[in-house]
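The following report describes selected features of a protein chain, beginning with a pair of strands and ending with the chain as a whole.

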Amino acid sequence: MNKRVVITGLGVCAPNGVGLSQFTESIKNGVVGVTFHQQLADLGFGCQIAGQPEITEELLSQYFTPLQLRDLQATGIYYGMIAGIDAWQDAGLEAGDKDTVDYDSGIIFGTSTLGVDKLKTAIEMTDQGKVRRLGSSVVIQTMSSGISAYLGGYIGAGNQVTTNSSACTTGTESILMGYERIAAGKAERMIVGGCNDSGPYIWAGFDAMRVLDKKHNDDPVKGSRPMAADAGGFVPGSGAGALVLESLESAQSRSAYIYAEVLGGAVNSGGQRGSGSMTAPNSEAVQKCIQAAVRASGIKPEHIDTINGHLTATGMCPTEVKNWSLALGRSGDDFPYINSLKSMTGHCLAAAGSIETVAGILELDNGWIFGNVNCGEIHPEILEIVSASRIPRKTMDLSLKILAKASFGFGDVNCCMIFKKYD
């Protein structure tokens with residue numbers, strides 16, 4: 001691991017902004033992308049609000065051929081292609097020549113489930129004996145690696161093209177995997193990120209678990225309340241975030257703009273032991289993951305300026321803040337600034353880590369941190385650990401150097417990444 005790795009491209013398809021420009025303005029100004037969904041109400045959901053990117057047919061035609069759009073129902077592929085292609089172009093790179101394979105570039109783009117709407121259609125038609133009318137795109141829309149395959153075909157990727165899947169840790173984990181491949185000298189460029197389908201078939205299971213907010217169906221923008229005393233559960237979301245990681249040498253050779261440097265990261269599991277379970281993290285493992293990421297990055301805990309947390313607006317927010325405090329040995333006024341993008345987007349599941357990382361890199365690049373929308377009264381258990389001044393409610397101008405980003409997923413899996421403003 002001796003090659004330096006930098007970020008040269010960003011792309012995003014989020015509930016509060018599709019495209020880097022709109023997304024940047026939204027997070028800076030605290031724009032919430034959570035809305036009421038009549039379909040969820042009609043289906044008897046307790047939580048009838050969600051975050052879903054606004055996508056038009058005109059926009060889709062800019063990223064897909066007419067043939068690709070025929071019978072395309074996998075919304076995660078919509079979102080992933082938009083974010084991934086935007087990131088590639090933002091890095092100053094072009095679509096691959098049809099006759100050329102780019103063996104230096106690859107894709108690691110994760111998802112939890114993909115093409116659920118298409119799978120439902122396929123099941124119904126199969127049960128009706130209409131197998132021969134299914135069409136040829138069912139498999140590529142419903143296989144988890146469909147999104148990385150689509151992106152790989154766009155750039156002509158000849159390096160590793162794969163999809164990772166680790167629940168809500170997926171998006172952040174993909175960044176670590178891409179970083180490690182470039183740092184080891186096995187690739188020069190990687191598109192990394194995560195995407196997640198939208199719709200009732202994705203969100204129903206969480207509603208059944210009673211972990212979603214049910215108090216704000218009449219006031220959707222106030223539904224997602226990370227770190228707030230009155231947080232009532234998370235708001236489901238969807239979308240995609242993408243980054244182009246590149247070796248420093250490659251970026252410099254083509255005079256690419258560099259957003260930030262990836263210093264390192266760590267991934268682990270709590271083994272579903274102790275406080276950990278299929279749906280809750282083992283706090284000891286979370287702390288070890290954060291500490292391992294700090295060590296791998298060659299920094300000290302006191303160097304971290306800001307934390308982009310997982311912070312879902314469930315009862316786990318105080319536990320997460322405590323874990324950060326114990327892992328870093330910092331508390332009170334000495335604690336880093338901490339925020340949660342989920343206050344504006346809801347919890348975008350497998351896409352959350354990558355969308356939130358894009359937001360964090362924009363903070364480093366622009367010199368501000370976005371506020372925690374809807375965090376009116378901070379949870380008292382959090383205030384026992386962290387000074388309220390470390391939890392900004394509105395965007396603050398701030399010179400940042402080091403950002404820590406972590407995600408924690410079902411299955412008791414964790415990932416933490418450390419980024420540095422490029423100098």
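Strands β14 and β15 run antiparallel and are joined by 8 bridges. In this predicted model, β15 covers residues 413–421, and M417 in that strand is the bridge partner of K405. The hairpin formed by β14 and β15 has 3 residues between the strands. Within this hairpin, G411 adopts a positive phi near 95°.

Strand β14 also pairs with β10, a strand made up of residues 306–308. Here the two strands run parallel and 3 bridges connect them. T306 is the residue that stands opposite L403 of β14. The table sets out the two pairings of β14.

| Strand paired with β14 | Residues | Direction | Bridges |
|---|---|---|---|
| β10 | 306–308 | parallel | 3 bridges |
| β15 | 413–421 | antiparallel | 8 bridges |

How many residues of β14 are buried? The strand comprises residues 402–409, and 8 of its 8 residues are buried. Both of its faces are covered. One side carries I402, A404, A406 and F408, while L403, K405, S407 and G409 lie on the other. K405, the residue bridged to M417, is thus listed on the same side as L403, the residue opposite T306.

Burial is also a feature of helix α9, which consists of residues 170–183. Because 11 of its 14 residues are buried, the helix is largely enclosed by the rest of the structure. Among the buried residues are T170, G171, T172, E173 and S174, as well as I175, L176 and G178. Y179, I182 and A183 are buried too. The length of α9 agrees with expectation, because a rise of 1.5 Å a residue should give a span of 20 Å for its 14 residues, and its end C-alpha atoms are 20 Å apart. After the helix comes G185, whose phi is positive, near 80°.

These elements belong to a protein chain with 16 helices and 15 strands. Its radius of gyration is 20 Å, close to the 22 Å that the globule rule gives for 423 residues, so the chain is as compact as a globular protein of that length. The C-alpha trace spans about 65 × 55 × 40 Å along its principal axes.

Of the 423 residues, 59% count as buried. Where contacts join residues at least 6 apart in sequence, 79% of them link residues at least 24 apart. The chain exposes about 16,500 Å², and carbon and sulfur atoms supply 48% of that area.

Notes:
Residues are numbered from 1 along each chain as its sequence is written. This is a predicted model: local features need pLDDT of at least 70, side-chain atom pairs count only at pLDDT 80 or more; totals for chains, interfaces and linings use all residues. Side-chain values use heavy atoms; hydrogens and water are left out. Buried means under 20% relative accessible area, exposed over 50%, partly exposed in between (1.4 Å probe, protein chains only). Helices (H or I, at least four residues) and strands (E, at least two) are DSSP runs, numbered from the N terminus. Two strands pair if DSSP finds at least two bridges between them. The expected span of a helix is 1.5 Å times one less than its number of residues. The radius of gyration is taken over C-alpha atoms; the globule rule is 2.2 Å times the number of residues to the power 0.38. Contact means heavy atoms within 4.5 Å. Accessible areas come from the Shrake-Rupley method with a 1.4 Å probe; for residues, only the protein chains shown count as cover.
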